[in-house]
Amino acid sequence: SEATQAEMEAESAVAHFVPPDLVKNSPGVAKGYASLNSAGAGAAYDYNVTSSARDGTGDFSVTWDVDFPDGNYMVSFMGDAAAAYAWVFNSRAAGVTGYLTFNNANSAANLGGTLVVFGTQT
């Protein structure tokens with residue numbers, strides 16, 4: 001028989017098949033991702049992203065198409081290999097993730113990278 005959304009979220013659908021439309025409800029599946037350039041725009045690809053923007057020097061935001069219930073989701077980032085810098089989250093809300101980027105001199109800088117999020121969605 002087919003797994004339910006609740007079984008997918010609890011990872012308890014052991015004896016059921018998982019239809020493609022329910023895979024997204026598993027905690028271990030990425031709920032969104034984006035490859036972002038130094039302007040804050042999607043450089044190559046994205047999933048579940050309504051928009052992304054550079055809000056100021058080194059200050060970026062990503063707006064999610066399908067919101068999370070709150071700011072309790074996991075975000076992972078990998079910066080571009082050519083730039084040595086730090087990447088810091090400054091906000092995690094249901095529908096928007098904000099982050100700051102800094103160069104190796106600890107100054108705000110416009111730097112790109114790849115963002116991936118995991119969690120429960122509404």
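This is a short dialogue about a predicted model of a protein.

Student: What makes up the protein, in helices and strands?
Tutor: There are one helix and eight strands, and along the sequence they follow the pattern α-β-β-β-β-β-β-β-β.

Student: Why is Asn48 called buried or exposed?
Tutor: Asn48 has a relative accessible area of 10%. Buried means under 20%, so Asn48 is called buried.

Student: Why is Asn106 called buried or exposed?
Tutor: The relative accessible area of Asn106 is 62%. Exposed means over 50%, so Asn106 is called exposed.

Student: Where are Asn48 and Asn106 found?
Tutor: Asn48 lies in the loop between strand S2 (42-47) and S3. Asn106 lies in the loop between strand S7 (96-103) and S8.

Student: What is notable about phi in these residues?
Tutor: Most residues other than glycine have a negative phi. Asn48 is not a glycine, yet its phi is positive, about 65°. Asn106 also has a positive phi, near 65°, and is a residue other than glycine.

Student: How do you know that S3 and S4 pair?
Tutor: Two strands pair if at least two bridges are found between them. S3 and strand S4 (residues 59-64) have six bridges, so they count as paired, in the antiparallel sense. As one example, the bridge partner of Ser52 is Val62 in S4.

Student: What makes S3 and S6 edge strands?
Tutor: The open sheet has four strands in the order S3-S4-S7-S6, with antiparallel pairing. Strand S3 (49-56) and strand S6 (85-92) each pair on one side only, and that is what makes them edge strands. Neighbouring strands of this sheet are turned by 20° against each other on average, direction ignored.

Student: Which residues have the most contacts inside the largest nonpolar core?
Tutor: They are Val62, Trp64, Trp87 and Leu115, in a core of 17 residues. S4 gives the most to this core, with three residues. In soluble globular proteins, nonpolar side chains tend to be buried together.

Student: Why is Val62 called buried?
Tutor: Val62 belongs to the largest nonpolar core. A nonpolar core is a set of buried residues, so Val62 must be under 20% relative accessible area.

Student: What is Trp87 in contact with, beyond its neighbours within four places in sequence?
Tutor: Trp87 is in contact with Val75, Phe77, Tyr99, Leu100, Thr101 and Leu115. Contact means heavy atoms within 4.5 Å, so each of these residues has a heavy atom within 4.5 Å of one in Trp87.

Student: How much of the protein counts as buried?
Tutor: Of its 122 residues, 34% count as buried.

Methods: Residues are numbered from 1 along each chain as its sequence is written. This is a predicted model: local features need pLDDT of at least 70, side-chain atom pairs count only at pLDDT 80 or more; totals for chains, interfaces and linings use all residues. Side-chain values use heavy atoms; hydrogens and water are left out. Helices (H or I, at least four residues) and strands (E, at least two) are DSSP runs, numbered from the N terminus. Axes are lines fitted to C-alpha atoms, for helices over the stretch in contact, and angles run from 0 to 180 degrees between N-to-C directions. A nonpolar core is a set of buried Ala, Val, Leu, Ile, Met, Phe, Trp, Tyr and Cys residues joined through side-chain atoms within 4.5 Å. Buried means under 20% relative accessible area, exposed over 50%, partly exposed in between (1.4 Å probe, protein chains only).
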